[in-house]
Amino acid sequence: MVEPVPESINFPSEEEKILRFWQERDCFQECLKQSKNRPRYTFYDGPPFATGLPHYGHILAGTIKDIVTRFAHQSGFHVDRRFGWDCHGLPVATVRRMGRWIDFKNDYKTLYPWFMETVWWVFKQLYDKGLVYRGVKVMPFSTACNTPLSNFESHQNYKDVQDPSVIVSFPLVESENVSLIAWTTTPWTLPSNLALCVNPEFLYVQVKGERFFLKNEEFPGKDLKGKKYKPLFHYFSKCAEKGAFQVVTDNYVKEEEGTGVVHQAPYFGADDYRVCTEYNIIQRDQTPICPVDASGCFTSEVTDFAGQYVKDADKNIIKLLKEKGRLVNASTFKHNYPFCWRSDTPLIYKAVPSWFVRVEHMVDKLLDCNGKCYWVPEFVREKRFGNWLRDARDWAISRNRYWGTPIPLWVSDDFEEVVCVGSMAELEEVTGVKVTDLHRENIDSLTIPSRCGKGVLRRITEVFDCWFESGSMPYAQVHYPFENRKEFEDTFPADFIAEGIDQTRGWFYTLLVLSTALFGKPPFKNVIVNGLVLASDGQKMSKRKKNYPDPGVIVQNYGADALRLYLINSPVVRAENLRFKEEGVRDVLKDVFLPWYNAYRFLVQNVQRLQKEEEIQFLYNENTVKQSDNIMDKWIQSFTQSLIQFFKAEMDAYRLYTVVPRLVKFVDMLTNWYVRTNRRRLKGESGTEDCLWALETLFSVLFSMCRLMAPFTPFITEMMYQNLRHLIDPASVEEKDSNSIHYLMLPQVRDNLIDKRIESAVSQMQSVIELGRVIRDRKTLPVKYPLKEVVVIHQDPEALKDIQSLEKYILEELNVRQLTLSTDKDKYGIRLRAEPDHMVLGKRLKGAFKAVTASIKELTSEQLEAFQKTGSIVVDGHELHEEDLRLMYTFDQTSDSAAQYEAHSDAQVLVLLDVTPDQSMVDEGVAREVINRIQKLRKKAHLVPSDDILVYYRCQPEGEYLGSVIEAHTDFILATTKAPLLPFPVPKTASVIIEEKTQLKGSDLEFTIVKGSSLSQTKPNGPVCAYINLRVKVDNKEQGKGVVLLENPRGDNRLDLDKLRKVCSSIFGINNTQLRFFSDQSELTSSADLQAYSGKTLLVTSGPSPPGAVPTADTLLCPYVNLLLWNAVPAECQAGDAGTLLLVNPVGRNELDHSSLLSEAAKLFGLRGRRIKLYLDHHLTSELPAESSVKSLHTKTLFVRVFPTTAEA
């Protein structure tokens, strides 16, 4: 049974209920079971390195993955969704609360031994291909902890410090009286200088015949390339043979600080190392020129400063340079410098021995594999990622720390003999020890005998860079190739991955490098790249600055669906940045979810009204539903099918950024256009058949929408579906298990329902209505106040035909009396005029702006019409375009239309509204204001349309304008409110629901809404209860004629065939329990629905067949009276407040008198023993006299007043 939908909703608390629903039924696992035999869709989750509390970047990436994998499931695929971790990861509760369905039980962790074993296998493949070598990498280094730090760690503790600032001269070999001068704040790196670097594009100048410094004139830096200079120190002078001590060029040299000449110490700076490698001044596999030990002290190679801590040696180095005449200037410099977060000591940058994977040789292969991947948005593939690949460098994969997957290399002390191990079995084979866990504590002590007489080989101390592990996850998560070989090879590459744009240098890159090196193909087919989520001020989100709202609080206040939709309907899914704003999430509730919820509530309300008032059970079956001939039904159905078509095409192309705006727009179309323009039909005001068409249409659209939106907003769609599913004919459901919206497949496109002509016509209608609303707003004319005429001018006669076909909706929405269509704007004295866009043109034209503005205002209507068609016009020698001018329609002031009409237009259509006042229309507007006040009061009292009420009103002072308007428009008001409007006083016995005093048009207006009866709105035509006439003949003997009420009160005590036998026996005093009932020669069986026979005459007999013909319909055989319970509620389990009493039954027998009438009325409503009175009017002013003839009450309605008990009084 469909449940009533409350007026208000708390989305977060509803989501909590849905979470419990999913958990209790294990819905995600059930999904996986249902789809296990379908085609596979492969998805990789990664990189699994989020730590601590979740932020919006995690939530965004998780949401994108959840949407695409849900869509794939609903498109008929089986989608394994394994969660990946390092050692931390996102809190499970957060992931679940966001509605993400992912498999935590079948997860993978990089610390699982089987995962680590595959990482070893991957590395062994690279090693056997000759792609692994030992070199050095310049890294942040803590001399206090004797260890390198990651870039992340090095950014954790910056401080402002005063460092030495020195400018040093480097005389040229070709002319010793000419020197280059370079600036540095790390004098301790000068003993290791091997080159000088200038920017090839900067301009340099010679000054005083002996110095060079940066200045924007003279000659470019590229002219200095290759010039040799005298070394500062002699420690590494032999390097000159390999090209050291020369000028090189690179664009990394900046002009913001220094001299434009940067000294190069390649083993103490990443750029220095890169540049010197490119110029072959150093080789990657040579012995490093790095005369600083792990404690930050100079080694013996630097004889003058050996054993000195580098920072302490600065002053001695400066002193020696001064003595040599090479110091140009010495001072101090304050800047922001990194410190070790553990020891709080200054970091240095230092070359650290590292293991590398060769990448540079396969750049072309990487680009080729990347070209086979589909990127969304596409520019990331060609630009950001493509550029990164083109400049790819060999990959340093080793890290000096304890935790991580150990690199499986065992080496001799001189590194000449190396053994690479690729599995646990291989390790056992070479060491003789069986190992089941590959962490350091289990394998570091293992040795391998040397084959070259070098003693034993020991494992190197390094572990893998975590990105090597994440790049290996496609293989490691399934323990390939040790297990699941076929499973993996059948589903590789992955169908889909997604992460942030920062992963172009992280996970995307490492995945591609490893898959290209191992298999020569890309690791994934499709990838969505999201941008960064920033704080509202555009800054990076920072826990320290607290510049963004806690995601947990946002979800608690607005719900996960709202946050999901806000993030997905933003530039961030186009790889652009999003400035996160809490009000944006709130607006999703206000602008999308609440209108959508209200449309759903309105549907359910009217389905329940149909069941209550028409006794029609609503059940939707897509296969048997009759096609509506209403144009708005056809439009929303067509619009829905077009949306499904678009949705599938765009989702197949992974373009979430085009899909979500269309879905949001659809909510607007459904709620603000379809439901709004069809409210009366949906409420049954245009007949039952038309009401059913509208309800079936609305149900169909809402159901389709829930299925489309399910991947995006899994909670609200599940909530709605769990109620709507009770209105679906089980015979029409294809799925075996339809207990969750997420078990259902996406709706198929029904091409026969798509009608682009109708979609175009409604679009034209919407333009007209929106333009008309703008005019009303501009003239402050509320829609409640009717206007005489709307004129629509369009150059296309076909468009005018479309508009004509929707005339009634235009008249209703704009509240106008008449629609006039025309292609001739001149008839109404309309001309075009133009205004310049001051901001755009002012900035561009500068001094000429004033003169051009004057000329723009002089442009004729004809010139501007030509501009509309071509999009450009030349004014005073300047070519202007659409963005430069704003076009407006105005009236020729000599025309009669100027005072009568107000105009507004878009690019296609011009709308004129007749805004001249008319008293009768003003009066109607006031009546609409009264309606509005009543409906708002109804809402305030939480009443629904099916609640029976009476509305009493009073205007003071009496006899004024407002009172006369209400009196004249009572029927008009009743037609909308469906509640009788009565003048004060309110009967003392009335059950008051709500009261309110307000003001309108200078009068005090008071309303009181009281409980009415189900029949208070109209006088019943006939008995309120279903009945049948009976002609009884038993044992060939006529027993007479009579009536049986099939229910009483209305809706209560309904009879079946057994109960009918007993009632019939009682009325006619028959002891025969074998009575048989016939209608039209057909005998009624126990399964008969007696309500279907209401108003008919049945033959009752004890024989095998009916004697003679029986009339199929007849008037009620006995006199009756209808009773309405007016000021109380039924008791004794009764619910109905309207019933019927038969004044005589059977015909001519058992006549009631006044006393028995009172007694039977009390018994009818379960009020035995209560004092009641009967009245002839609903004001309860005309009591039924005791001496009244009961027969005279035939067909009348009596109102039952119940007096309070002593306890109630």
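## A tour from paired strands to surface loops

Begin by selecting A903, whose bridge partner in β36 is L912. The model on screen is a predicted one, and this pair is a convenient way into it. Widen the selection to strand β35, residues 901–905, and to strand β36, residues 909–914: the two run antiparallel and are joined by five bridges. If you then colour β35 by accessibility, you will find the strand mostly covered, with four of its five residues buried.

Move next to N1122, which stands opposite T1140 in β47. Extending the selection to the whole of β46, residues 1120–1125, shows how this strand is joined to β47 by five bridges, again in an antiparallel arrangement. Stay with β47 and select residues 1138–1142; five of the five are buried, so the strand is largely enclosed by the rest of the structure. In a regular strand the side chains alternate between the two faces of the sheet. With that in mind, look at β47 from each side in turn, where A1138, T1140 and L1142 are buried on one face and G1139 and L1141 are buried on the other, so that both faces are covered.

The next stops are two cis peptide bonds. Select Y480 and P481, which are joined by a cis bond with omega at about 0°; P481 sits in the loop that runs between α14 (473–476) and α15 (485–490). Then go to Q956 and P957, where the connecting peptide bond is also cis, with omega near -5°, and where P957 belongs to the loop between β37 (949–956) and α33 (961–968).

Two aspartates with positive phi follow. At D26, a residue other than glycine, phi is near 50°, and the residue lies in the loop between α1 (11–25) and α2. Is D26 buried, partly exposed or exposed? Its relative accessibility is 37%, and D26 therefore counts as partly exposed. The second of these residues, D876, has a positive phi of about 50° although it is not a glycine; look for D876 in the loop between β32 (872–875) and β33 (878–881), where a relative accessible area of 46% makes it partly exposed.

Finish on the surface by selecting K33, K36, R96 and K105 together, since these residues gather in a patch of positive charge. Within this group, centre the view on K36, which lies in the loop between α2 (27–34) and β1 (40–41). K36 counts as exposed because its relative accessibility is 52%, and the cut-off for that class is over 50%.

Note on methods: Residues numbered from 1 in each chain as written. Predicted model: local features only at pLDDT ≥ 70, side-chain atom pairs only at ≥ 80, totals over all residues. Heavy atoms only, no water. Buried < 20%, exposed > 50% of the residue type's maximum accessible area, 1.4 Å probe, protein only. Pairing = 2+ DSSP bridges. Patch = residues over 30% accessible without salt bridge, like charges linked within 9 Å, V, L, I, M, F, W, Y side chains within 5 Å. Areas by Shrake-Rupley, 256 points an atom, 1.4 Å probe, with all protein chains shown as cover. Salt bridge = Lys/Arg side-chain N within 4 Å of Asp/Glu carboxyl O. Lys, Arg positive; Asp, Glu negative; His and termini not counted. Charge placed at Lys NZ, Arg CZ, Asp CG, Glu CD.
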